[in-house]
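Here are a few exercises to work through with the model open beside you. Try each task before you read its solution.

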Number of protein chains: 2
Amino acid sequence: MSDPIELSCPSPSTGYERVVLAHGAGGRVMQRLITDLFIAAFDTPQLHRGHDGATVELSPPIAVTTDAFTVTPRFFPGGDIGSLAVYGTVNDVAMCGARPAVLTAAFILEEGLPLPELRRIVESMAAAARRCGVRIVTGDTKVVEHGQGDGVYVTTTGMGTVVAKAAIEPASVRPGDAVLVSGPVGDHGIAVLAAREGIEIETALRSDAGPVHEAVLALLQADLSVHCLRDPTRGGLASALGEVAQSGGHGVRIDEASVPVRPEVADACELLGLDPLRAACEGRFVAWLPARHAARAIEILQASGCERATTIGEITSEHSGVVVLRDGAGGERILDMLAGEQWPRIC
Amino acid sequence: MSDPIELSCPSPSTGYERVVLAHGAGGRVMQRLITDLFIAAFDTPQLHRGHDGATVELSPPIAVTTDAFTVTPRFFPGGDIGSLAVYGTVNDVAMCGARPAVLTAAFILEEGLPLPELRRIVESMAAAARRCGVRIVTGDTKVVEHGQGDGVYVTTTGMGTVVAKAAIEPASVRPGDAVLVSGPVGDHGIAVLAAREGIEIETALRSDAGPVHEAVLALLQADLSVHCLRDPTRGGLASALGEVAQSGGHGVRIDEASVPVRPEVADACELLGLDPLRAACEGRFVAWLPARHAARAIEILQASGCERATTIGEITSEHSGVVVLRDGAGGERILDMLAGEQWPRIC
């Protein structure tokens, strides 16, 4: 499933083709990996200073968010663990109503990881950061023995200045709010699952992993009263709606037919007995805002690259904490959060 | 070597005695772990809001630093992976000349980890954060399959407002600067090694893991011209001196006899054929500042709990990038950075 690894690129630390324990041990071999690979790829002034931390100029209030990425496989159609870490964290900063500016990156490498794979991941992170206009300013590298990791785990922390004028959080959601989704759901989860299991369901299946902050900022700058934002990652749309409903203490009614799902995702879910509403997205978000602002919000989202943005439901004052799904025939059922999830290690 | 685990404490998610994949899967089981364990222990307003990120009020310039912790064993004399993660990151923020204020914490848990162990680690982090006056404002939890991790890895990111008036970095170091160390070196590395290998060398061996920011802030507030700060973690004092010398483009001469080493650490090193100057500390720091400020700096450090703070050497304009060790008889030798280190997974 993964693209072929380019093995001819020069090894970042001459004499090593794979990660060894010395790459995390604080000596010259580690220093060289950091200089030749991480600093060369990320290329920010803070990293070139060679200090074990960075100084940044950010105006308060500052949004901060952190995520560990353990996705398997680490290369999948439409992305890899490196770009996913950048987009995932950029998106989480945006979900706080903030403009993403700065990232940190910590790597836990497993002894034996081919260095060309690490290089490919790091270069993918650097490209994703450039695309988003964020800087990776500091980081850390640890190496664990073979069998104590799974190639590479990446933890990214993101920061940015809050631009939203009011608090973007579950407690701000009100009965009568519309619930919008920025695009089709479930692509990432199904694409990663197919790649992992080697299932050739649909060649068109690709992760939606990508940045959403420009669309979010466009919404916020339009002076709409955005009450809450959430990216439907683990647990998919069902968990995003359920978590916000429980935290905010309100109910949600979703019109099932209005939720955009790509035909190839729907087909794969049908075949595998999965629910696209529980499959992770990594380039979509849900927005809660007053119903009277919904039409304008969708216009703005569609003009910001979210062509399939749409209203999928509304906030109710009844059945607090519960998500109700209404089908085409007017029947209703509860969209429960699962205890676990359909599958692990999706991000 | 590790203290007995209290197995009678209630499991944070009823029905589970160990971490299962569902604890990281985005559903109700994960939500309950986060609510009952992480939010209950860290207890910060940002976490109670139930949003996937936090907003903090920090004035610029802001220091930011990140570290992944993979120490083994996860409980060792004088600390554990949780308190180590907090102190290590608090100290790295202080090394930027900043007052630590905010932490984030991301956990990679291995399926099968006993939940009472996780609780003990999380409560240790909470206690360490309270001791340092920092708040853990947001986090993340992922679970990997048994055999793809090693119990628990913790990645912490720290932030704080810079209080130093000039840039604290290797490039600020000047020939003629004195090199100070805040206390005896090598305790952490030797204590962890002894615990890991089950060596009963010295019952008095304990990690020095602890916060140094109060002592650093006392130095900075005294209007001394602190040029650089570095905590000698992986690779020990040798790597800290070598890295700063190479980044700053200067030489260092260290008076070997002046470097404080506890007798029990010296004895253990003698027995095991290890060098205390290459053994990690987690509660010490090195400071570079003009020689004329050294005596005052040591007074301040001693008054701030660093009773054994002392000058260990000076910066030279010759042999750039090299650390020279002078012995009692006036002989000199180069203190090279090792390619790797004496042992892995010390932090």
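**Exercise 1. A helix in chain B**

Task: Find which residues of α5(B) are buried.

Solution. Start with the list: B:Asp187, B:His188, B:Gly189, B:Ile190, B:Ala191, B:Val192, B:Leu193, B:Ala194 and B:Ala195 are buried in α5(B). Here buried means under 20% relative accessible area, exposed means over 50%, and partly exposed is in between (1.4 Å probe, protein chains only). Helices (H or I, at least four residues) and strands (E, at least two) are DSSP runs, numbered from the N terminus.

Next, weigh that up: nine of the 11 residues of this helix (residues 187-197) are buried, so α5 of chain B is largely enclosed by the rest of the structure. Then look for the cover, which includes β3 (75-76), α3 (81-95) and α8 (263-272) of chain B; contact means heavy atoms within 4.5 Å. Finally, step past the end of α5(B) to B:Gly198, which has a positive phi near 65 degrees.

A word on the ground rules: this is a predicted model, where local features need pLDDT of at least 70 and side-chain atom pairs count only at pLDDT 80 or more, while totals for chains, interfaces and linings use all residues. Residues are numbered from 1 along each chain as its sequence is written, chains are lettered from A and ligands numbered from 1 in the order in which they are written, and side-chain values use heavy atoms, with hydrogens and water left out.

**Exercise 2. Two sides of a helix**

Task: Work out where the buried residues of α9(B) sit around its axis.

Solution. First pick out the buried residues of α9 (residues 294-303) of chain B: B:Ala294, B:Ala297, B:Ile298, B:Ile300 and B:Leu301. They cover an arc of only 160 degrees around the axis, which puts them on the same side of α9(B); the arc is that of the directions from the helix axis to the C-beta atoms. Now flip to the other side of α9(B), where B:Ala295 and B:Ala303 are exposed. The buried residues are covered by elements of chain B including β8 (177-181), α6 (213-221), β11 (286-290) and β12 (310-316). Just after the helix, B:Gly305 has a positive phi of about 95 degrees.

**Exercise 3. Asn91 in chain A**

Task: Is A:Asn91 buried or exposed, and which residues is it in contact with?

Solution. Locate A:Asn91 in helix α3 (residues 81-95) of chain A. Its relative accessibility is 1%, so A:Asn91 counts as buried. Setting aside neighbours within four places in sequence, A:Asn91 is in contact with A:Gly210, A:Pro211, A:Val212, A:His213, A:Asp231, A:Glu282 and A:Gly283. Zoom in on one of these: a polar atom of the A:Asn91 side chain lies 3.4 Å from the backbone oxygen of A:Glu282.

**Exercise 4. Backbone oddities**

Task: Which peptide bond is cis in the stretch from B:Pro60 to B:Pro61, and what is phi of A:Asp223?

Solution. The bond joining B:Pro60 to B:Pro61 is cis, with omega near -5 degrees, and B:Pro61 sits in the loop between β1 (54-56) and β2 (62-69) of chain B. In chain A, a cis peptide bond joins A:Thr72 and A:Pro73, with omega about 5 degrees. As for A:Asp223, phi is near 65 degrees, a positive value in a residue other than glycine. A:Asp223 lies in the loop between α6 (213-221) and β9 (228-230) of chain A and, at 57% relative accessibility, counts as exposed.

How values were computed
Polar contact = N/O pair within 3.5 Å; in protein donor to acceptor, adjacent residues only side chain to side chain.
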